[in-house]
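Trainee: I am new to this structure and would be grateful for a close look at a single part of it. Could you start from one residue pairing, widen the view step by step, and then lead me on to some other places worth comparing on the screen?

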Amino acid sequence: MNESPPCVMIIGGGVAGMSAAQVLSDFDVSVHIVEKRDRLGGHSAMWACMATGACENCGACLSIDMVNDVSDRPNVDIHFSSRLLKLEETDNGMKATLEDGKSFVVQKVIVATGFSPFDPGRIASFHTDCQKNVITTAHLNTLLKNEALNDFLDGNTAPDIAFIQCVGSRNRKIGNDYCSQVCCKVAMRHANKLLHLLPHARITIFYMDLQVIGKETRSFYKSLAKQVDLVQGVPAEILENSENGRLRIVTENRDDQARLAREYDAVVLSVGMTPSPEMEDTADILGISQNGWGFFNTADASLASNIHLAGCARTPVDIVSSMQDGRIAGGRVLGELGLARALPAADDNDHLAAVAVFGEGEQAVSAASAIAAEGYRTVLLGAEGGPDPSGNLSAIDDARILQVSGTAGNFSIVYASGGKRHALFCRAIVSAEAADFSEIDPGVASERIFSLAAFSSRIANSPETVPENVVILLDYGGPEYKKWARMALQDAIGAKGAGKSVSIIATKMLVHRPDGQRVYDAARKAGVNFLRYEKPGDIRIEKIEKGFSLMLKEATLPSAMDIHLECGCLVIPAKPNPAPDFQEKAGLLRQKTDREGFFQSPNVRHRPTGSTRKGIFFAGNGHDETDTDDLKAEVEDVLTFLKTQPLDMPPVDSGVEINEKMCAKCLTCYRICPHGAIVLTEKMKPRIIADACFSCHLCMANCPAHAIESIDFTGDALSGAAENEMLLVYACERSGFLAASGTSLPDGIKVVKIPCACRINIDVILKALLKGASKVVVAGCHNGNCRSMEGAREAALGVRQALRIPGMEESRVVFEPVAANESVKFKRIVSKA
């Protein structure tokens with residue numbers, strides 16, 4: 001008699017719940033998703049695309065792709081418009097009973113109930129009940145997604161729009177003394193989107209402390225700050241001008257501290273995250289305890305055995321982090337059920353490993369040690385190994401990577417060590433390279449200038465060596481590194497405890513982690529002085545006999561007033577920069593760096609730890625802004641991939657193959673494959689490795705000899721879809737096609753699903769037109785959002801080539817970037833044809 005597969009219940013069908021379901025349903029596991037709404041996707045599925053000229057990496061479109069994927073999985077049962085009513089222990093597990101009377105026995109539960117936007121009606125002075133143009137970020141999203149912004153603004157193409165940050169977050173009066181972590185980035189993306197749609201709009205952001213944290217956020221902030229008015233200080237009230245109906249916010253004129261009224265056409269409230277309203281009842285049913293905020297992100301919250309948390313049910317996080325959280329929860333459940341795959345055990349051969357970790361810093365050592373502790377033979381190239389009770393870790397500290405070839409499950413690494421070349425074969429690679437932390441020059445030289453790390457060590461080990469007056473200067477080299485901001489607060493508290501006088505000077509105070517606001521409040525309570533400045537030129541530093549003299553233009557005081565400080569030591573944190581060899585090392589992995597020069601593209605389809613090549617991962621501060629907690633999550637995310645991705649399974653059919661008789665060995669396919677799925681044989685013949693292929697068909701579209709063939713997406717099959725006088729849309733299966741599926745379309749339109757927009761080249765376009773299509777539209781991802789990186793650019797190139805043909809009307813062939821959550825945009829595009 002066959003045993004029934006284990007059963008897992010996921011409460012909540014947002015991105016965290018769906019991510020967990022994807023991991024679990026790849027195995028012989030029965031998954032039940034209990035969702036209170038009549039749809040999957042959570043809040044993310046209702047959010048607008050933030051792309052302007054390119055993807056802005058908000059991740060909202062991913063939820064639509066996930067809904068499509070999870071809905072089609074045969075071992076996933078979805079219970080819509082339902083809630084858990086009861087959970088009872090049985091001999092076989094836990095019997096779950098739903099409100100509609102359905103019941104099933106589960107072995108594990110993952111709680112992914114998401115969040116609820118803060119209700120701004122709780123702040124009476126904002127008058128949201130009577131002022132229609134005071135809206136929330138959620139409402140703004142709806143307007144953007146439905147392309148209804150113009151109607152909301154009554155056709156005003158040059159509106160004044162204000163954003164007010166921290167509505168319902170960082171608010172001690174209502175008990176929400178935590179930062180929701182995402183609201184500042186959301187507001188910045190919204191402001192950027194509004195300026196893209198309304199170039200003459202005037203945008204003001206009123207903020208408490210803008211949380212400029214995360215991948216490429218600093219460069220994004222630097223660019224946006226030139227286009228919007230950033231005002232420190234959150235208004236207390238929103239009034240209405242009875243004469244013109246505009247909204248009035250009273251602020252302070254910095255020049256003379258007089259009250260100043262500003263008027264706006266709309267005010268957007270950046271509302272924080274609060275727990276799902278059903279979470280309290282769910283917690284009671286499950287026998288788990290929330291903390292005072294209603295989350296599970298502090299020590300005073302507790303779980304029960306066989307219960308896991310994921311996403312915003314655990315703590316406020318963004319979309320990409322919520323997906324990661326769901327994957328990790330799913331991986332933990334698989335481990336507890338004894339179902340996680342293990343990479344084949346490596347033998348004692350020094351040239352064979354399960355995982356190779358690249359990097360020379362502490363984070364690389366931590367990552368390698370954690371992976372080895374899970375039973376994988378791990379080789380650390382570039383650093384001395386740390387404690388290794390597992391006996392699975394080898395370290396080659398002088399290793400210099402020379403070449404990386406092969407594909408997932410069969411990578412070949414050539415490195416130099418001890419003056420010789422060596423070879424190493426492994427199944428997966430983790431790049432955990434360290435950022436280059438450079439000291440910031442304040443314009444004076446002195447042994448009394450400490451790095452934050454050195455100051456922290458002194459406070460912990462020899463506080464008597466620290467002068468009586470200390471100034472910690474943050475943001476001096478640009479927006480501060482979040483780890484340093486937290487350390488500065490903690491060390492300032494420690495210094496006050498040792499009897500020192502401490503001042504922290506910053507442009508903004510980062511309060512990341514769940515207790516970040518409380519640490520900030522504790523520093524204030526301890527007597528730490530906080531001063532603000534706007535730019536480095538506002539601080540004049542001079543060396544004096546006992547330390548330093550600082551003259552500060554304090555940002556919150558009248559501009560004519562300066563503050564004079566003297567201190568015995570000046571603490572300036574080091575600035576993280578890309579190491580000089582990052583570009584070279586990224587090239588060895590056939591990966592791109594981001595716009596700031598760090599490892600890993602910002603493309604949300606591969607973040608936070610993945611890459612365009614299966615089996616290559618990223619961790620640590622060389623690719624993103626990571627502290628200890630982040631690194632731990634990144635390593636666990638990588639381990640989840642290692643335990644669930646079939647790196648050692650039989651090859652799959654990618655649907656693409658090379659006709660050797662027609663191949664000219666020009667190696668175009670080898671050079672352009674974004675996934676490293678085409679390798680060269682000993683005779684320099686290109687060969688497609690099916691397991692590494694993403695089936696984007698970029699190689700086929702660009703092969704000059706037409707030697708690459710496809711089973712399902714031949715040129716004749718694609719152009720053959722054309723019908724006389726029919727508008728033909730070639731739509732990427734992860735973007736345009738999903739957008740088309742979310743709306744009703746006019747007659748006379750045919751949508752053809754393709755694996756990637758890059759498959760459509762000039763040959764396909766011309767044949768379709770010759771066969772009678774009235775117009776050809778290629779609907780692909782926005783630049784920067786394509787899973788195969790350059791699919792959108794390649795498709796746009798094919799369209800431009802077709803338009804260069806003499807006599808070709810410009811209206812007959814177009815490329816349109818359409819995200820999966822842009823159904824209204826898709827309908828507009830095809831309807832105007």
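**From one bridge outwards**

Mentor: In β33, the residue that partners V471 across a bridge is L570, and I should say at once that you are looking at a predicted model. That bridge belongs to a pairing between strand β27, residues 469-473, and strand β33, residues 569-571, which run in the parallel sense and are joined over three bridges. Widening the view, these two strands are part of an open sheet of five strands, with parallel pairing, whose order is β26-β33-β27-β28-β29. At the edges stand β26 (449-450) and β29 (529-532), and because each has a single partner strand, one side of each is left without a neighbour in the sheet.

From strands we can turn to aromatic rings, of which the structure holds 10 pairs. In one of them, F437 and W484 meet edge-to-face, with 5.7 Å from centre to centre and 65° between the planes. F437 lies in strand β25 (residues 436-438), whereas W484 lies in helix α11 (residues 482-497), so this pair ties together parts that are 47 residues apart in sequence. F437 is partly exposed, as its relative accessible area is 28%, while W484, at 11% relative accessibility, counts as buried. W484 also forms an edge-to-face pair with Y481, where the centres are 5.6 Å apart and the planes stand at 70°; both Y481 and W484 are buried.

Another group of rings is the aromatic cluster formed by Y178, W293 and F295. Two of its members, Y178 and F295, are among the residues that P316 touches, together with S180, Q181, M273 and N297, once residues up to four places away in sequence are set aside. P316 itself is found in the loop between β18 (307-309) and α8 (319-337), and with a relative accessible area of 5% it is buried.

A second buried loop residue is D594, at 8% relative accessibility, in the loop that runs between α13 (582-588) and β35 (616-618). The side chain of D594 reaches the backbone nitrogen of E596 at 2.9 Å, and, leaving aside neighbours within four places in sequence, D594 is in contact with K215, E216, F599, Q600 and P602.

Finally, you may look for charges placed over rings: R590 lies over the face of Y670, at 4.9 Å from the ring centre, and the charged end of K614 sits over the ring of F694, 5.1 Å from its centre.

Conventions. Residues numbered from 1 in each chain as written. Predicted model: local features only at pLDDT ≥ 70, side-chain atom pairs only at ≥ 80, totals over all residues. Heavy atoms only, no water. Pairing = 2+ DSSP bridges. Helix = DSSP H or I, 4+ residues; strand = E, 2+ residues; numbered from the N terminus. Buried < 20%, exposed > 50% of the residue type's maximum accessible area, 1.4 Å probe, protein only. Polar contact = N/O pair within 3.5 Å; in protein donor to acceptor, adjacent residues only side chain to side chain. Contact = heavy atoms within 4.5 Å. Phe/Tyr/Trp six-rings, centres within 6.5 Å; stacked < 30°, edge-to-face > 60°. Lys NZ or Arg CZ within 6 Å of the ring centre and 35° of its normal.
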